[in-house]
Amino acid sequence: PRTIVTWSRDHPQAAGRDLSAVAAEWGISLRAAAERLLPGNAVYFIMDEDDVRSILAFPDTMIGSDGLPHDAHPHPRLWGSFARVLGHYVREVGLFDLAEAVRRMTSLPAARFGLSDRGRIAPGMAGDLLLFDPRAIDASATYEQPRQLAAGIKLVAVNGRIAWRDGAATGARAGRLLRRKAA
């Protein structure tokens, strides 16, 4: 499968390049190139769209991201997972409706992970909110340019403080470490 190098300590110039191109340039096998790039990381193209849709069709599937923010060339899911689901799987594909997608991103994982003051809009809750245009929300991040902001996001509030408005950060830094509460 296709592999894109995200970072390499000893060969930083390889970041963002196809492993096959790096191996060809060096005149060595894919395995030898991968070993030479260590320590490092990569994006591996091994997921099948039909499998993704089958998994997302299960009503208890939570939507989240395991993107690594400190990679020199992160996976685009770091910047676009939620927008991709809302734009592609909800609006374009119709796999489920908007309310169901939001539930899978908010109240379902909050309940599963014991975050009792998150995931719902109600008195006493933390006030983590996202205002977006459902007709415009879309992931802009690509494998070549992974640090692209999602389209269609109007406002973000974290713990009741506005952190993003009108296309820019406000400077508010109200985020905090979340601890799981006993079930």
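**Legends to the views**

**View 1. Helix 3 and helix 4 are roughly perpendicular to each other.** In this predicted model, the axes of the two helices cross at roughly 100 degrees, and so they fall in the range of 65 to 115 that counts as roughly perpendicular. Helix 3 covers residues 49-57 and helix 4 covers residues 77-92. Their axes come within 13 Å.

**View 2. Residues of helix 3 meet residues of helix 4.** From helix 3, the residues taking part are Glu49, Val52, Arg53 and Leu56. On the side of helix 4, they are met by Arg84, His88 and Tyr89.

**View 3. The protein chain holds six helices and six strands.** Along the sequence, these elements follow the pattern β-α-α-β-α-α-α-α-β-β-β-β. The pattern opens with a strand and ends with four strands in a row. Of the contacts with a separation of 6 or more, 53% are accounted for by residues 24 or more positions apart.

**View 4. The C-alpha atoms fill a box of roughly 60 × 40 × 35 Å.** The box is taken along the principal axes of the protein chain. The chain has 183 residues, and 31% of them are buried.

**View 5. The accessible surface of the protein chain comes to about 11,500 Å².** Carbon and sulfur atoms hold 57% of this surface. The chain carries 24 positive and 20 negative charges. The mean position of the positive charges lies 8 Å from that of the negative charges.

Conventions
Residues numbered from 1 in each chain as written. Predicted model: local features only at pLDDT ≥ 70, side-chain atom pairs only at ≥ 80, totals over all residues. Heavy atoms only, no water. Buried < 20%, exposed > 50% of the residue type's maximum accessible area, 1.4 Å probe, protein only. Contact = heavy atoms within 4.5 Å. Areas by Shrake-Rupley, 256 points an atom, 1.4 Å probe, with all protein chains shown as cover. Lys, Arg positive; Asp, Glu negative; His and termini not counted. Charge placed at Lys NZ, Arg CZ, Asp CG, Glu CD. Axes fitted to C-alpha atoms, helices over the stretch in contact; angles between N-to-C directions. Parallel < 35°, antiparallel > 145°, perpendicular 65-115°, else oblique.
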